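Got a minute to look at a protein with a ligand in it? Let's go through it by asking and answering.

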Amino acid sequence: MEHTLNVDHLWQNYIDGRWVDNDEKIPVYDPATGKVMVEVAKAGVEEVEMAVQAARRCFEESEWRKVRPIERGRKVMGMAQYLLDNLDEIARVLCFDSGKPLDQAIVEVKSAARFLEYYGSHADKLEGRSIPLGETYFDFTVYEPFGVTAHVIPWNYPLEIAARSGAAALATGNTVILKSPENDPLSIYYLADAAEHVGLPAGCLNILTGYGYEAGAALCAHPDVDQVCFTGSVGTGQKILHSAADKVIPAVMELGGKSAGIVFPDANLDYLVEQAKWGIFMYSGQVCSAMSRLVVHRSFMNEVTETLADVASKLTMGHSIENHFVNPLISQVQLDRVAEYAAVGKSEGELVIGGNAAERDGYFMEPTIFMNVQPGSRIEQEEIFGPILSIIPFDEPEEAVAIANKSDYGLCAGVFTNDLNKAMRCARDLRAGQIYVNEWWAGGHETPFGGFKKSGFGREKGIEGMLNYVQTKNVGIRIQ
Ligand code: NAD
């Protein structure tokens, strides 16, 4: 298998329907080798200004927001087909820059296409209400787009997340500026190719690759941006919320998580272990909705831990293009951070397996499990964003729910049991935006996704995801 990315593509900013170069570049690394693969044109404050002006002009002057919604929807769906028609190339690019195993990169490209298809097909289905006010009035509501929307994208699922919010914003008649992640921006450029392919008006979709503190901050603070959707860490979200507050514009916050799966002793062991393998070790735990805590009944903890450790010890590690389950972390910075948590964990729980950065090129971390982790300890409370699982024992069901809920985050929670009443009590009492019963990540593009507490607010996916990009206008008519 060839370990170099040989793809002929322009890695430049995409503004007003044109590729825009910059003498200043951002290097993009292959996380599996630690070597620079390509350089992309950096977006600075000047490019942000150009993109906002283009998006504003397109919103005000083009037909984009005025046409019959299905015409917009067809274009958005056409972008989905473009991604699918170029699946192999895009997945290979995504695999190389994100460090994601090739199979998972293929799933991500298909998922991005599905968001474009889902929201494109709903462009003509967002209907207002007719409100009865007695016989002297007619009253109805209409949904109108905000205008220029900014989408700040994290590195873990760059294409999927860009398509997720971008498609909803486009389908509702907004114009879009994507600020792609500086670590792995490459796959997002294919959305520009898709936009050209279907003939989106110039300025309708713009793509900027720049550093967060510079291009990201300038974009979110720009006075002509009408709405912002941010997916990323709590700290960055807080900064973006400050600039949204200064301008009084709406913001969607899709932030981090420290999600717990509760395991009762009647759960099927092998099935549960397979769920946990994917839940925490998929993409080496760099997943906002990862099952980073397993709260297991004390009578079952040793068996679950031993079986999962056995499975984890057999996972192979290697270059992402070879499809090994254990892939590299995104960067040296991330590896150092995760390895530090593993070191901290040695005094907060019993190390069962892993615990170190792997001794090889690239940014690889061993799959790591701690058992008997103390509730309230750092590895049990803080989002690590790496392949580190904390296993915590419980005795009574109420205690399990209390442990799961004792978190600043509230993105996801799950329960594994064959007892319907136990499952439903947990579903009722867990404080999280997503509750998974007997399958981690049960749900789909059609189901709303988002957080409670510091995991954020606003919902992406599903019909709820479209409502982020429209404002309600009420029209009251008096009959004379
Ligand atoms: P991050 O907050 O460091 O960066 C996210 C994006 O924000 C990047 O594009 C970055 O360039 C930009 N950015 C950084 N500083 C900025 C600023 N001052 N102003 C504007 N933009 C700025 O997060 P990350 O490390 O890329 O991603 C990991 C985090 O994202 C984790 O906390 C994870 O849980 C979260 N996440 C959440 C979801 C979700 O749907 N809830 C999905 C994926 C990731």
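Here are some questions and answers about this predicted model.

Q: Which domains does the domain assignment of the protein give?
A: Take the pieces in turn. One of the two has two stretches, 13–255 and 456–474, and is called domain 1. The other covers 260–444, so to speak the second name on the list, and the assignment therefore gives domain 1 (13–255 + 456–474) and domain 2 (260–444).

Q: Why does the ligand lie between domain 1 and domain 2?
A: Look at who gives residues to the shell around the ligand. In this model 28 residues surround the ligand, with Ile 153, Lys 179, Glu 182, Ser 233 and Glu 383 the closest. The ligand lies between the domains because the shell takes residues from both domain 1 and domain 2.

Q: How many residues of the shell around the ligand are nonpolar?
A: Sort the shell by residue kind. Six of its residues are charged and eight are polar. That leaves the nonpolar group, which counts 14.

Q: An N or O atom in which side chain is 2.6 Å from an oxygen atom of the ligand?
A: Let's go through some polar contacts. For the side chain of Trp 155, the distance from an N or O atom to a ligand oxygen is 2.9 Å. Gly 232 uses a backbone N or O atom instead, 3.3 Å from an oxygen of the ligand. The side chain with the 2.6 Å distance belongs to Ser 233.

Q: How much of the area that the ligand exposes when taken alone does the protein bury?
A: Start with the ligand on its own, which exposes 840 Å². Put the protein back around the ligand, and the buried part is 88%.

Q: What is the area buried between domain 1 and domain 2?
A: Contacts come first here: 26 residues of domain 1 touch 27 residues of domain 2. Carbon and sulfur atoms give 61% of the area buried between the two domains. The whole buried area is about 2,100 Å².

Definitions and conventions. Residues numbered from 1 in each chain as written. Predicted model: local features only at pLDDT ≥ 70, side-chain atom pairs only at ≥ 80, totals over all residues. Heavy atoms only, no water. Near = heavy atom within 4 Å. Polar contact = N/O pair within 3.5 Å; in protein donor to acceptor, adjacent residues only side chain to side chain. Areas by Shrake-Rupley, 256 points an atom, 1.4 Å probe, with all protein chains shown as cover. Nonpolar A, V, L, I, M, F, W, Y, C, P; charged D, E, K, R; others polar. Contact = heavy atoms within 4.5 Å. Buried area = accessible area lost by both parts, 1.4 Å probe.
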